[in-house]
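Please open the model in your viewer and keep the sequence beside it, so that each selection can be followed in both. The tour goes from one pair of elements outward to the rest.

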Amino acid sequence: MEIVLRELQNGNVAFGIFCLIAVIGAVYVLFSKNVLYASYGLLVSFLGVAGIFVFAGGEFVSAAQIMIYIGGILILLIFGIMLSSNKKAGKGKLNIENMNKVFSLTITVSLSLLLSLLVLTSKFNTKSFKPQQHIKNLGYNLMTDSVLVLEITGVLLLMALIGATYIAKKDE
Amino acid sequence: MSAMLFAIGFAVIVTKKNLIMMLMGIELMLNAVNINFVAFSKFDKNPEQGQIFALFIMLVAASEVAVGLAIILKIKKYYENINPEKLTELKN
């Protein structure tokens, strides 16, 4: 929150716009009546988050966000929506029913207020360090310190994808 | 900001009667956590750690969505719906 305030005080309008885009997309996901439109709202939200990453100094993370989330996860989700929609329901097959709306909204607002209060009251050590060559250092760090984690995640991703195709394949 | 995104994701999970929408809510919450990791890595001595953490969170989210959608398709074939309120076979 402190970071947000500082960026806004510096007159950084674009940062505020990206924040707004992300939150509006998420709210649209919450309130839309159609699963497909909700996934489009999710796309808008992901784009906003990618913009925020750029302002937080993570250019590579931002590019990875666009490629992995929008290029991978969202396409998978849309395929899932199309494959799992109920044909018998006819025209309203993409509609979604909500349940205990009041309860969830109450929880949301209270959780949001609680977290905001905690963030506002706590002091973070946010003095700036000198800018560095982020992407180069990121690559060095990825290949030296955290190379084991990198390999493990690669194997995990491979296993997950093979398992997913195996689960989803048609039975004989 | 990140707290708001997290709360909205939680609300999506609680509210929706559709397994795919619940997956979307999980994605929103993971995004909120990622924002915090990257934002605070800016003020760290070595800003790579937080960003690498965020990257690994993304990868795990991708694999999680793949497996989740495969399971959802199987459930859909078996029960003909994906409403978690109606999947009550284990209750009795």
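## A pair of helices across two chains

Begin by selecting α7(A) together with α3(B), which in this predicted model pack at an angle of about 10°, with their axes 8 Å apart. Because angles under 35 degrees count as roughly parallel, α7(A) and α3(B) are therefore described as roughly parallel to each other. Turn the view until one helix lies in front of the other, and the crossing of α7(A) and α3(B) can be followed as a left-handed one.

Next, show the side chains where these two helices meet. On the α7(A) side, the residues to select include A:V149, A:T153, A:L156, A:L157 and A:A160, and further along the helix A:G163, A:A164, A:I167 and A:A168. Facing them from α3(B) are residues among which you will find B:F56, B:L59, B:A62, B:S63, B:A66, B:V67, B:A70, B:I71 and B:K74.

## The largest nonpolar core

Now widen the selection to the largest nonpolar core, which has 47 residues, and in which A:I52, B:I20, B:M24 and B:V38 touch the most other members. Which elements give two or more residues to this core? In chain A they are α2 (13-31), α3 (35-55), α4 (59-84) and α7 (147-168), and in chain B they are α2 (19-41) and α3 (48-79), so colouring these elements by chain is a convenient way to view the core. Of the elements, α2(B) gives the most to the core, with 13 residues. If you colour chain A by domain instead, you will find that the core draws at least three residues from each of domain 1 (1-98) and domain 2 (132-172). In soluble globular proteins, nonpolar side chains tend to be buried together.

## Each chain on its own

Hide chain B for a moment and follow chain A from its beginning: there are seven helices and zero strands, and the pattern along the sequence reads α-α-α-α-α-α-α. Of the 172 residues in chain A, 21% are buried. Among the contacts in chain A with a separation of 6 or more, 53% are between residues 24 or more positions apart.

Then show chain B alone, where you can trace three helices and zero strands, in the order α-α-α. Here 53% of the 92 residues count as buried. For contacts in chain B between residues at least 6 apart in sequence, 36% join residues at least 24 apart.

Terms used. Residues numbered from 1 in each chain as written. Chains lettered and ligands numbered in written order. Predicted model: local features only at pLDDT ≥ 70, side-chain atom pairs only at ≥ 80, totals over all residues. Core = buried A, V, L, I, M, F, W, Y, C linked by C-beta atoms within 7 Å. Buried ≥ 20, exposed ≤ 12 C-beta atoms within 10 Å, placed from the backbone. Helix = DSSP H or I, 4+ residues; strand = E, 2+ residues; numbered from the N terminus. Domains from an automatic or database assignment. Axes fitted to C-alpha atoms, helices over the stretch in contact; angles between N-to-C directions. Parallel < 35°, antiparallel > 145°, perpendicular 65-115°, else oblique. Left-handed = near helix turned anticlockwise from the far one by under 90°. Contact = placed C-beta atoms within 7 Å.
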